[in-house]
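The following exercises concern a structure with more than one level of organisation to examine. Please study the sequence and the model, attempt each task, and then read the worked solution.

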Amino acid sequence: MDGRNYTPAEMMAIMTCKEFKDWENVFVGIGIPLVAGILAKRFHAPHLSLVYESGSIGPEKMRVDFNVGDSSAADYALSLSSEWHVFGDLQCGFYDVGVLGAAQIDRYGNLNTTAIFGEGDYYKPKVRLPGSGGGNDIGSSVGRVVVMMKLERHRFVEKVDYLTTPGFLDGTPGARERAGLLGDGPSAVVTDKALFYFDSETREMYLDTIYPGVKIDDVKASVGWDLKISKDLKTAPFPTEAELNALRTADPANLIMGGARERDNLSGIDEYVKITLENAYRKEI
Amino acid sequence: MMSVSSKVGSNNANKVMSLKDAVSKYAVDGSTICFGGFIGRDCVAVVHEIIRQGIKGLTVIDDSKTDIMDLLVGAGCIKRWEGAYLGYGAIGLAPNIRRAVEKGVPQPIEVEDWSNAAISMRYLAGALNIPFMATRSMLGSDILKYNKRIKVINDPYEGKPLALVPAVRPDVAFIHVQRADAMGNAQVWGFTGNDENKVRAAKHTVITCEEIVSPEEIRRNGNLTIIPFYCVDAVVQVPYGCHPQSCYGYYAYDVLFCGEYHKTSSTREGFLKWLDTYVFGCEDHNAYCNKVGWSRLQKLTYLERQFNRIHA
């Protein structure tokens, strides 16, 4: 049975979760990427191990985190380690896949999470963003990168204002290796309207799968370059009821998927504690 | 280079002091500081006290430190930030950081961008007392373009590109832990961030903790003592010292309080009102807890202990 009543953010989480394989070690960030990781563990990838840059390895996710440093990021972890060790393990090649968000992306999957300044000045940006965090480290060294972001024209740009995290750099063959980067670079870009992959020769992003009800022209109009489209363009299935239920249980107060306005729907801390505990995912461990 | 004898002589059996005294002694105007934890175990109470004492001109060198940096920047305490991440995760961007960088309000701050692994390596170099460390991060990125202190070399053994980052030797590290003894042996549960390296790199370390326990209690689980006494200058008991952030095994993240801060601080006026209420309007951390409400804090403890407990 499929579910026809879902939000674009929910579809994005469900499509992202399909990019993970069982037994992989995934370096996750906060927000929707984390929800996607939780979802994968409840369906096709029960042995997926999540890793957080704060030093938590293999937690059992029973409640959502609001940042990678929440105590919840450590719930029932297999190993509670340090930040520098986890980054060392990243360079050693232990982590198969990383999930990153960004404010801007170009056709080669280079990401900007530092500042928006257009033709202006990095030192006097229009919008100061958080910065690299561990994003650059993950994008440099993890096996492959899944990017998650909203499909919007001001995000999918010809040139990022600041290259925080390398994708395929200028797209020339061997560009990453020449720079000294270890990982294979971006493998997928999951958005709220469509899924993109990268051509193995040209390293350019192309449209692979469109979500139900989305028009190709809308996708093309949301991308700041002449987007290539797969000859074998697919349409994603509707999410199943089971997927949507799992997703909504994982984020019971809808604070991650729904964003800031959802906080106002809670009467206070008592309701927050109650909802969190009632929906805590407990399996025999 | 730090001389090998420069830290000797700080040993004694009782390093316990008040938060007020520890901050005024070690966080002086113009000093370079870092904080422990990784968003969770943030030194929020320490930062409130720094703001109350009006300390200015600070340089913070750190990995991901949003909540406390947003407060410090908004309160005008910061001259310079060398770090990796200032954002509220799923909550949003950092309002005071944005105002300072974009508009110079209340004052401009110098920002030098690094990645989390780069900052981790800078602290590891500091902890090893060597001048730099190498990383495979940041290569090919614009972080290199704007930060000339990162040196890309072809490594002398394999000839491949590698980024060198300089050691950090901050004046003081403030680290919040679950338990410490009066001598300064500090035990941490949960992930440990870069704490073990920060305390070794820093010239002085102030430990704030949920509980002070006996050295005998510490000896039962020496594996948990990631910070040994000889790194530590002061020990301060500050229960709920991370609120609204979490402290593993003690209390969960107060997402609603943090969200309220974020909303209120979206305007400069709102932020100043927040400071008046929760920082200047509270004589000390105990008064802050009174204002937040002990019953609220205990609910966060109740929530956390459904998931994580410390096993001593």
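**Exercise 1. Determine how many residues of chain B are in contact with chain A, and classify the residues on the chain B side.**

Solution. Step 1: apply the criterion that two residues are in contact if their C-beta atoms, placed from the backbone, lie within 7 Å. By this criterion, 59 residues of chain B are in contact with 59 residues of chain A.
Step 2: sort the chain B side into 27 nonpolar, 21 polar and eleven charged residues. Here Ala, Val, Leu, Ile, Met, Phe, Trp, Tyr, Cys and Pro count as nonpolar, Asp, Glu, Lys and Arg as charged, and the others, Gly among them, as polar.
Step 3: note the conventions. This is a predicted model, in which local features need pLDDT of at least 70 and side-chain atom pairs count only at pLDDT 80 or more, while totals for chains, interfaces and linings use all residues. Residues are numbered from 1 along each chain as its sequence is written, and chains are lettered from A and ligands numbered from 1 in the order in which they are written.

**Exercise 2. Describe the secondary structure and overall dimensions of chain A.**

Solution. Step 1: chain A contains eight helices and 14 strands; these are DSSP runs numbered from the N terminus, with helices being H or I of at least four residues and strands E of at least two.
Step 2: the radius of gyration of chain A is 19 Å, close to the 19 Å that the globule rule gives for 285 residues, so chain A is as compact as a globular protein of that length. The radius is taken over C-alpha atoms, and the rule is 2.2 Å times the number of residues to the power 0.38.
Step 3: along the principal axes, the C-alpha atoms of chain A fill a box of roughly 50 × 45 × 40 Å.
Step 4: of the 285 residues of chain A, 53% count as buried. A residue is buried if 20 or more other C-beta atoms, placed from the backbone, lie within 10 Å of its own.

**Exercise 3. Give the corresponding description of chain B.**

Solution. Step 1: chain B has twelve helices and twelve strands.
Step 2: its radius of gyration is 19 Å, close to the 20 Å from the globule rule for 312 residues, so chain B is as compact as a globular protein of that length.
Step 3: the C-alpha atoms of chain B fill a box of roughly 60 × 50 × 35 Å along the principal axes, and 55% of the 312 residues are buried.

**Exercise 4. Which residues have the most contacts inside the largest nonpolar core, and which helix of chain B gives the most to this core?**

Solution. Step 1: a nonpolar core is a set of buried Ala, Val, Leu, Ile, Met, Phe, Trp, Tyr and Cys residues joined through C-beta atoms within 7 Å. The largest has 178 residues, and those with the most contacts inside it are A:Ala13, A:Val35, A:Leu39, A:Val147, B:Leu72 and B:Ile207.
Step 2: helix 5 (residues 116-128) of chain B gives the most to this core, with eight residues.
Step 3: leaving aside neighbours within four places in sequence, B:Ile207 is in contact with residues including B:Ile175, B:Val177 and B:Ala234.

**Exercise 5. State whether helix 5 of chain B is mostly covered or exposed, and give its span.**

Solution. Step 1: helix 5 of chain B is mostly covered, as twelve of its 13 residues are buried; among them are B:Ile119, B:Arg122 and B:Leu124.
Step 2: helix 5 of chain B reaches 18 Å from its first C-alpha to its last, close to the 18 Å expected at 1.5 Å a residue, where the expected span is 1.5 Å times one less than the number of residues.
Step 3: just after helix 5 of chain B, B:Asn129 takes a positive phi of about 55 degrees.
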